[in-house]
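Subject: Structure handover

Hello,

Here is the structure I said I would pass on. My notes on it come after the coordinates.

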Amino acid sequence: MQKNQVKLRNHSVDLVKCIAALLVVSVHADAFSEMSPVLENIINGAFGRMAVPFFACVTGYYLTKYTEQNGRAWLNNVKSLLKYYILLSVIYVIWSSLSNQFQEMSVAVIVYTVVKRFVIYGTYYHLWFFPAMILSVIVLHLSIRWHKERLCWMLCLLGVIFGALTYNWHHLISWEQLPVLGRMMGWYDFDYIRRFITLIGPFTFLGNFIFRHKDQWMEK
């Protein structure tokens, strides 16, 4: 973008981003739980769960849009995510140290634990979104570069179906009776993998899908 150009913003999207950010805080703070369980379930259990998918969808939409103008748009996006992620990670690693969470660990084990959390889980539980979103940005970039977006749309649809089965039907189906899936459900890392293939990846590509079809929809 030229220096004399004005960067335009979609104020409607910005407004919903602010609302979504407040909903994320509300979910993790269990807001309204003491006021009204019904209200808490509506705000946190329903609308609150839409916040992260919304952020992923917006990222997929605008990353696809700007990739056509700048082939390094994905890299700028990753750098932006890393900037906040590293800052928050430093804060939480210091806090974990002061809370004696690394007590009786050797230096090598502490380094391994912090690096693994940073790459996969998030250095703090609520930071899992960052590594998942960074991976999703990279996958979307590669799919655009290699012209594999349609294939990813299908894979993401399968991921959503899989997630619906493992998240919502676990009270109806005994996963222990299915050897492979039963073992996966008991695997600690699987929960984070499932979040990516069910939540972050599909909604990032939903934004990509919307951008690719918006002109066609507008014409109709």
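What follows is a summary of the fold, the main nonpolar core, one pocket and the cysteines.

Please keep in mind that this is a predicted model.

Fold. The chain has nine helices and zero strands, so the order of elements from the N terminus is α-α-α-α-α-α-α-α-α. The C-alpha trace spans about 60 × 45 × 45 Å along its principal axes. Of the 220 residues in the chain, 32% are buried. Taking contacts between residues at least 6 apart in sequence, 70% join residues at least 24 apart.

Core. The largest nonpolar core consists of 25 residues. Within this core, the residues with the most contacts are L81, W128, F129, M133, V137, I200 and F205. Two or more residues come from each of helix 3, helix 4, helix 6, helix 7 and helix 9. Helix 6 gives the largest share, eight residues. For F129, once neighbours within four places in sequence are set aside, the contacts are V52, F55 and I200.

Pocket. The second largest pocket has a volume of about 940 Å³. There are 28 lining residues, and those closest to the pocket centre are H28, R49, V52, W128 and L199. V52 is thus named twice here: as a contact of F129 and as one of the residues closest to the centre of this pocket. W128 also appears in both settings, among the residues with the most contacts in the core and among those closest to the pocket centre. By class, the lining has 19 nonpolar, six polar and three charged residues. At least two lining residues are supplied by each of helix 1 (11–29), helix 3 (51–67), helix 4 (73–98), helix 6 (129–145), helix 7 (149–168) and helix 9 (188–219).

Cysteines. The structure holds zero disulfides. For C57, the nearest cysteine sulfur is that of C156, 12 Å away. C152 is in no disulfide either, and again the nearest cysteine sulfur belongs to C156, here at 6.2 Å. The cut-off for a disulfide is a pair of cysteine sulfur atoms within 2.5 Å, so a separation of 6.2 Å does not qualify. Are these two residues, C57 and C152, buried or exposed? C57 counts as buried because its relative accessibility is 15%, and the limit for buried is under 20%. C152 is buried as well, with a relative accessible area of 13%.

Regards

Definitions and conventions. Residues numbered from 1 in each chain as written. Predicted model: local features only at pLDDT ≥ 70, side-chain atom pairs only at ≥ 80, totals over all residues. Heavy atoms only, no water. 1 Å grid on protein atoms, 1.4 Å probe; cavity = no way out; pocket = protein on both sides within 12 Å on 5 of 7 lines; lining within 4 Å. Points joined across faces, edges and corners; volume = space filled by probe spheres on them. Helix = DSSP H or I, 4+ residues; strand = E, 2+ residues; numbered from the N terminus. Nonpolar A, V, L, I, M, F, W, Y, C, P; charged D, E, K, R; others polar. Core = buried A, V, L, I, M, F, W, Y, C linked by side-chain atoms within 4.5 Å. Buried < 20%, exposed > 50% of the residue type's maximum accessible area, 1.4 Å probe, protein only. Contact = heavy atoms within 4.5 Å.
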